[in-house]
Number of protein chains: 2
Amino acid sequence: MTVVEDDLSLVFSALADPTRRAILERLARGDATVNQLAEPFAMTQQAVSKHLKVLERARLISRTRTGQSRPCVLEPVCLDAAVGWIERHRQVWTDRHDRLDAHLAALRAARDQGEGTTR
Amino acid sequence: MTVVEDDLSLVFSALADPTRRAILERLARGDATVNQLAEPFAMTQQAVSKHLKVLERARLISRTRTGQSRPCVLEPVCLDAAVGWIERHRQVWTDRHDRLDAHLAALRAARDQGEGTTR
DNA sequence: TAGTTGTGTAACCGATTGGTTGTGAGTAGG
DNA sequence: CCTACTCACAACCAATCGGTTACACAACTA
């Protein structure tokens with residue numbers, strides 16, 4: 001068992017499976033039961049149930065009980081942390097690239113401007 | 001070996017490990033060699049090398065050879081696919097939940113506040 | 001009441017993961 | 001040359017993952 005298992009790792013590893021991403025895409029178009037979710041996949045309902053448990057542990061979905069079925073509801077909150085992490089660090093990278101671009105642009109500007117005067 | 005292993009799954013599963021995320025954070029502040037990256041972690045250089053291979057396979061980093069060392073360079077391109085996927089589907093959810101503004105505010109707050117609060 | 005349906009749990013399996021140790025290739029410098 | 005350093009590869013290990021089958025249980029239905 002992992003010691004802490006931070007939420008960010010749970011969310012990313014939940015998203016790392018194409019079946020689970022397909023489940024989320026399906027759920028984005030409306031809530032659904034386990035059997036409805038399992039129908040398009042070539043696997044048993046128990047396997048889908050396991051995937052749902054992973055998504056539930058990552059708090060990407062939540063489940064309620066209405067009689068016999070347990071419909072799944074999307075919980076976008078924890079995606080914020082994931083997007084937040086990526087955006088934060090992609091920002092740094094694009095900043096670095098912007099700086100590089102700006103630097104190159106400055107170089108070009110200096111060269112263009114300096115044509116005739118500095119040489 | 002997995003059959004196809006689509007790029008999105010590679011990126012997400014690469015991001016699913018806190019060590020690899022820390023490596024990316026470190027690399028965001030500048031290129032580094034394997035030993036430089038391995039220094040802050042309580043694990044061997046070989047383990048870090050494995051992590052780097054995962055990141056390289058996900059095309060989140062690339063590596064060049066300069067004499068004795070093999071510095072790592074960030075490749076943010078493939079993160080766009082990941083963010084794109086999340087944004088696409090989170091858009092649906094936030095539309096449904098009508099909480100886009102709150103989310104953006106939280107994003108900005110998280111970014112300004114920095115890591116560690118995103119649990 | 002009995003039977004069917006929807007779902008979860010448990011045990012099992014092969015493949016993968018994330019770490020280790022040991023080793024060796026390639027390069028720099030004495 | 002020899003030594004030191006950086007890094008990758010191979011073999012091994014325990015744990016986890018993604019799937020299965022078998023079964024249990026609660027809730028509808030006839």
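This is a dialogue on how to read some features of a predicted model with protein chains and DNA strands.

Reader: Before looking at any detail, where in chain A is the confidence lowest, and where is it highest?

Author: Where pLDDT is low, the predicted coordinates should not be read in detail. In chain A the mean pLDDT is 81, and 72% of the residues reach 70 or more. Helix α5 (residues 77–114) of chain A has the lowest confidence, with a mean of 66, while α4(A) has the highest, at 97. Over residues 110–119 of chain A the pLDDT stays under 50, and for this stretch the model has one contact beyond four places in sequence.

Reader: With that in mind, what pattern of helices and strands does chain A follow along the sequence?

Author: Chain A has five helices and two strands, and their order along the sequence is α-α-α-α-β-β-α. Of the 119 residues in chain A, 25% are buried. Among the contacts of chain A between residues at least 6 apart in sequence, 51% join residues at least 24 apart.

Reader: Which residues have the most contacts inside the largest nonpolar core?

Author: That core has 45 residues, and those with the most contacts inside it are Val11(A), Leu60(A), Ala82(A), Val11(B) and Leu60(B). Helix α1 (residues 7–15) of chain A gives the most to this core, namely six residues. Taking Val11(B) as a case, and leaving aside neighbours within four places in sequence, one finds Val11(B) in contact with Ala58(B), Leu60(B), Cys78(B), Leu79(B), Ala81(B) and Ala82(B).

Reader: How should I read the burial of a single helix, and which residues of α2 (residues 18–28) in chain A are buried?

Author: An α-helix has 3.6 residues a turn, so residues three or four places apart point the same way. In α2 of chain A the buried residues are Arg20(A), Ile23(A), Leu24(A) and Leu27(A). Viewed down the axis of α2(A), these buried residues fall within an arc of 95°, so they line one face of the helix. Just after α2(A), Gly30(A) has a positive phi of about 140°.

Reader: Where do positive phi values occur in residues other than glycine, for instance at Arg59(A)?

Author: Most residues other than glycine have a negative phi. Arg59(A), however, has a positive phi near 55°, and lies in the loop between α4 and β1 (61–63) of chain A. In chain B, Arg59(B) has a positive phi of about 60° although it is not a glycine, and Arg59(B) is placed in the loop between α4 and β1 (61–63) of chain B.

Reader: Is Arg59(A) buried, exposed or partly exposed?

Author: Arg59(A) has 16 other C-beta atoms within 10 Å, and is therefore partly exposed. For Arg59(B) the number is 16 within 10 Å, so Arg59(B) is partly exposed.

Reader: Which residues does His89(B) touch, leaving out those up to four places away in sequence?

Author: His89(B), which sits in helix α5 (residues 77–97) of chain B, touches Leu24(A), Glu25(A) and Ala28(A). With 19 C-beta neighbours inside 10 Å, His89(B) counts as partly exposed, because a residue needs 20 or more to be buried.

Reader: What about Thr64(B): is it buried or exposed?

Author: Thr64(B) lies in the loop between β1 and β2 (72–74) of chain B, and with 10 C-beta neighbours inside 10 Å it counts as exposed. Beyond four places in sequence, Thr64(B) is in contact with Arg70(B), Pro71(B) and Val73(B). The C-alpha atoms of Thr64(B) and Leu79(B), which are 15 residues apart along the chain, are separated by 20 Å.

Reader: Turning to the DNA, which residues are closest to strand C?

Author: Of the 23 residues that surround DNA strand C, the closest are Thr33(A), Asn35(A), Ser69(A), Ala47(B) and Gly67(B). The largest share of this surface, five residues, comes from α4(B), and the residues near DNA strand C divide into five nonpolar, 14 polar and four charged.

Reader: And which residues are closest to DNA strand D?

Author: DNA strand D is surrounded by 23 residues, the closest being Ala47(A), Gly67(A), Thr33(B), Asn35(B) and Ser69(B). Two or more residues of this surface come from each of α4 of chain A and α3 (34–38) and α4 of chain B. Here α4(A) gives the most, with five residues, and the surface near DNA strand D divides into six nonpolar, 14 polar and three charged residues.

Methods:
Residues numbered from 1 in each chain as written. Chains lettered and ligands numbered in written order. Predicted model: local features only at pLDDT ≥ 70, side-chain atom pairs only at ≥ 80, totals over all residues. Core = buried A, V, L, I, M, F, W, Y, C linked by C-beta atoms within 7 Å. Buried ≥ 20, exposed ≤ 12 C-beta atoms within 10 Å, placed from the backbone. Helix = DSSP H or I, 4+ residues; strand = E, 2+ residues; numbered from the N terminus. Contact = placed C-beta atoms within 7 Å. Arc of directions from axis to C-beta. Near = placed C-beta within 6 Å. Nonpolar A, V, L, I, M, F, W, Y, C, P; charged D, E, K, R; others polar. pLDDT = per-residue confidence, 0-100.
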